[in-house]
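Dear colleague,

Please find the structure enclosed below for your files. My notes on it follow, and I would be grateful if you read them with the structure open.

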Amino acid sequence: MLDMRHPEERVMCPHCAAPRDKHLGHEVQGVYDGVLFWSCTSCGRAWSRDWSDRPRIQQIADEYVRQLNDHADASP
Ligand SMILES: [Zn+2]
């Protein structure tokens, strides 16, 4: 179940400035019950939610984001 109500979420994609309706919330079972990180359907890049108060989750989210962005960077 995706929770879209978190007030800290970005209004625009940090990579291409696409608006919220292009953002896709990703939930990872067993890590966090809700959106762990976001990706953009316009540019294919991702960014983490702010997990600064939960370092273990931040580490996992960062890894997912890094892999997605590496893949996006490798695509033409
Ligand atoms: Zn984007």
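In what sense do β1 and strand β2 pair, and over how many bridges? The two strands pair in the antiparallel sense, over 4 bridges, with β2 formed by residues 37-40. Please note that this is a predicted model.

**Overall arrangement**

The protein contains 1 helix and 3 strands, and along the sequence these elements follow the pattern β-β-β-α. The chain has 76 residues, of which 18% count as buried. Among the contacts in the protein with a separation of 6 or more, 37% are accounted for by residues 24 or more positions apart.

**The sheet**

The 3 strands form an open sheet in the order β1-β2-β3, and the pairing is antiparallel. Its edge strands are β1 (23-26) and β3 (46-48), each of which pairs on one side only. On average, neighbouring strands of this sheet are turned by 25° against each other, direction ignored. As general background, strands of a sheet pair through backbone hydrogen bonds, either parallel or antiparallel.

Two positions show how β1 is matched to β2. Gly-25 has Trp-38 in β2 as its bridge partner, and His-26 stands opposite Phe-37 in β2. On the other side, β2 and β3 pair in the antiparallel sense over 3 bridges. There, Phe-37 has Ser-48 in β3 as its bridge partner. The hairpin of β2 and β3 has 5 residues between the strands, and in this hairpin Gly-44 takes a positive phi near 80°.

**Strand β2 and Trp-38**

Which residues of β2 point one way, and which the other way? Phe-37 and Ser-39 point one way, Trp-38 and Cys-40 point the other way, and all are buried. This can be set beside a general rule: in a regular strand the side chains alternate between the two faces of the sheet.

Trp-38, placed in strand β2, merits a closer look. Trp-38 counts as buried because 23 other C-beta atoms lie within 10 Å, where the cut-off for a buried residue is 20 or more. Leaving aside neighbours within four places in sequence, Trp-38 is in contact with His-23, Leu-24, Gly-25, His-26, Ala-46, Trp-47 and Arg-49. The C-alpha atoms of Trp-38 and Arg-10 are separated by 9.5 Å, although the two residues are 28 residues apart along the chain.

**His-26 in β1**

His-26 is found in strand β1. Is this residue buried, exposed or partly exposed? His-26 is partly exposed, because 18 other C-beta atoms lie within 10 Å, a count between the limits of 12 or fewer for exposed and 20 or more for buried. Not counting neighbours within four places in sequence, His-26 is in contact with Val-35, Leu-36, Phe-37, Trp-38 and Ser-39. His-26 and Tyr-64 are 38 residues apart in sequence, and their C-alpha atoms are 9.8 Å apart in space.

**The nonpolar core and the helix**

The largest nonpolar core has 8 residues, namely Val-35, Leu-36, Phe-37, Trp-38, Ala-46, Trp-47, Ala-61 and Val-65. At least two residues of this core are supplied by each of β2, β3 and α1. Leu-36, a member of the core, touches His-26, Glu-27, Val-28, Val-31, Arg-49, Ala-61 and Tyr-64, not counting residues up to four places away in sequence.

Helix α1 (residues 55-74) lies across β2 and β3 and runs at about 170° to β3. The helix has 20 residues and reaches 28 Å from its first C-alpha to its last, close to the 28 Å expected at 1.5 Å a residue. Helix α1 is hardly covered, with 2 buried residues among its 20 residues.

**A backbone point to check by eye**

In which segment is Ala-17 found? Ala-17 is in the segment before β1. Ala-17 has a positive phi of about 70° although it is not a glycine. In general, most residues other than glycine have a negative phi. Ala-17 is classed as partly exposed because 13 other C-beta atoms lie within 10 Å, while the limit for an exposed residue is 12 or fewer.

With kind regards

Methods: Residues are numbered from 1 along each chain as its sequence is written. Two strands pair if DSSP finds at least two bridges between them. Axes are lines fitted to C-alpha atoms, for helices over the stretch in contact, and angles run from 0 to 180 degrees between N-to-C directions. Two residues are in contact if their C-beta atoms, placed from the backbone, lie within 7 Å. A nonpolar core is a set of buried Ala, Val, Leu, Ile, Met, Phe, Trp, Tyr and Cys residues joined through C-beta atoms within 7 Å. The expected span of a helix is 1.5 Å times one less than its number of residues.
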